[in-house]
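Student: I would like a close look at the salt bridges in this model, one by one. After that, please carry on to the helices and strands around them.

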Amino acid sequence: MTLTFHWFLPTNGDSRDIVGGGHGMPSGTAGRARPASVAYLGQIARTAEQLGFVGALTPTGAWCEDAWLSTAMLTEVTERLKFLVAFRPGLLAPTLAAQMASTFQRLSRGRLLLNVVTGGESQEQRAFGDFLDKDARYARADEFLHIVRGLWRGETVDHTGTHLRVEQARLHRLPDPTPPVYFGGSSAAALPVAVRHSDVYLTWGEPPAQVAEKLDRVRSLAAAAGRELRFGIRLHVIARDTADEAWAQARRLLDGIDEADILAVQNGLRRSESEGQRRMLDLHGGSRDGLEVAPNLWAGVGLVRGGAGTALVGSHTEIADRIADYHALGIDEFILSGYPHLEEAYWFGEGVLPILHERGLWRHPDGQPATEHVDVPFAGAPGPRREPEPAAAH
């Protein structure tokens, strides 16, 4: 199996600096210069498609545009790219969600992937009219996915549960193909639901040892349930021709973060009910120091952004090496992003993907011949090439 790569659609706006938001935090940045218009998001989507990404994750929450509506519009300006739509089961009736997915599949010609998000912050959920606590939200998601899976199989579903009830629910037209379900979660309440219903279990970008421990736990639960899952990881990325250039960009992003913003965001995120968010916070502790938490794994994004807070930082070859390390643990799908999302897609797509192709780990989904590795000098005219000096420790 070759690796699958997805990009990210910044439906809360984009910038050359880190754009915050997520897990109940409002969207913010030092300069959010690119609004989330169809024109700009379409530019990112078409770029991802051309470079060889299979899909694009679209987030959910009060801090960004609606994922269903945004991606439905973007199907008209792309040809192959799939859309990994994040949605919250508690905000949609299961029969309606199953019908929406079926419609999306028909009208997009099978380009829907679904990311189930239970919602990690009760305060934000209550703003949408959802007053269940975290464990109850996972229990409801379990019922929700049981109903939806039955409907997708063409069954007439009667269900009376603790949280959901449907009678004689049936779809008149089934989705073809059935959209794969992506599901994350690190808590005791999340893992059994993920094992029962997900096709791809997602983790955020923790150091490899922590990822390995989590995947082993999920594998054991899945084996006990008679299921075998695929695994994916969510990371940011800063890939450059040399390690020094990549770490210089990481430092530039860090320099653009105000100390007051770090304090405010960290205070908000410490109130999060999400176990995954807690694990992200533990990587950096709210400090600018010691942010390289594993080789080429930088936790600086998480200082002002909820959710995925780590980035792979390094030369194209180093990034390819780290991806191979995660793949050796069992990760087959990588959901990536970077600031700005348009330029960083090119850095990764033209710098890292050809290396992975040469190693037999990736091929373009359109069957296009792989391009040779190229340098991507965005700023200024290229000067004479010279051998890079050995990278200093970061």
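Tutor: Start with Arg279 and Glu206. They form a salt bridge, with their closest N and O atoms 2.7 Å apart. The partners come from distant parts of the chain, 73 residues apart. Arg279 belongs to helix 10 (residues 275-284). Glu206 sits in the loop between strand 8 (200-204) and helix 7 (208-224). Both ends are hidden: Arg279 is buried, and so is Glu206. Keep in mind that this is a predicted model.

Helix 10 also borders the next pair. Glu259 forms a salt bridge with Arg288, and here the closest N and O atoms are 2.8 Å apart. Glu259 is in helix 9 (residues 259-269), while Arg288 is in the loop between helix 10 and strand 10 (292-294). The two are 29 residues apart. Are these partners buried or exposed? Neither word fits. Glu259 has a relative accessible area of 46%, so it counts as partly exposed. Arg288 comes to 27%, so it too is partly exposed.

Now take a pair with unlike ends. The side chains of Arg16 and Glu343 meet in a salt bridge at 3.3 Å, N to O. Arg16 lies in the loop between strand 1 (4-8) and helix 1 (38-51), and Glu343 in helix 12 (residues 341-351), so the bridge ties together parts 327 residues apart in sequence. Arg16 has 49% relative accessibility and is therefore partly exposed. Glu343, at 12%, counts as buried because the cut-off is under 20%. The pair does not stand alone: Arg16, Arg34 and Glu343 are linked in a network of salt bridges. In total, the structure holds 22 salt bridges.

Go back to strand 8, next to the loop that carries Glu206. Strand 8 runs parallel to strand 9, and five bridges join them. At one point Tyr201 stands opposite Phe231 in strand 9. Strand 9 (residues 230-240) is mostly covered, with ten of its eleven residues buried.

Two helices show how burial can fall on one side. First, helix 2 (residues 67-74). Its buried residues are Ala67, Trp68, Ser70, Thr71 and Leu74. Seen down the axis, they fall within an arc of 165°, so they line one face of helix 2. What covers them? The cover includes helix 1, strand 2 (55-58), strand 3 (82-87), helix 3 (94-108) and strand 4 (112-116). The N-terminal end of helix 2 is capped by Asp66. A side-chain oxygen of Asp66 lies 3.2 Å from the backbone nitrogen of Trp68.

Then helix 11 (residues 316-329). Its buried residues are His316, Ile319, Ala320, Arg322, Ile323 and Tyr326. They cover an arc of only 160° around the axis, which puts them on the same side of helix 11. The spacing along the sequence makes sense: an α-helix has 3.6 residues a turn, so residues three or four places apart point the same way. The length checks out as well. At 1.5 Å a residue, the 14 residues of helix 11 should span 20 Å, and the end C-alpha atoms are 20 Å apart, which agrees. Just after helix 11 comes Gly330, with a positive phi of about 120°.

Definitions and conventions
Residues are numbered from 1 along each chain as its sequence is written. This is a predicted model: local features need pLDDT of at least 70, side-chain atom pairs count only at pLDDT 80 or more; totals for chains, interfaces and linings use all residues. Side-chain values use heavy atoms; hydrogens and water are left out. A salt bridge is a side-chain nitrogen of Lys or Arg within 4 Å of a carboxyl oxygen of Asp or Glu. Helices (H or I, at least four residues) and strands (E, at least two) are DSSP runs, numbered from the N terminus. Buried means under 20% relative accessible area, exposed over 50%, partly exposed in between (1.4 Å probe, protein chains only). The expected span of a helix is 1.5 Å times one less than its number of residues. The arc is that of the directions from the helix axis to the C-beta atoms. Contact means heavy atoms within 4.5 Å. A polar contact is a pair of N or O atoms within 3.5 Å; within protein, one must be able to donate a hydrogen and the other to accept it, and residues adjacent in sequence count only if both atoms are side-chain atoms. Two strands pair if DSSP finds at least two bridges between them.
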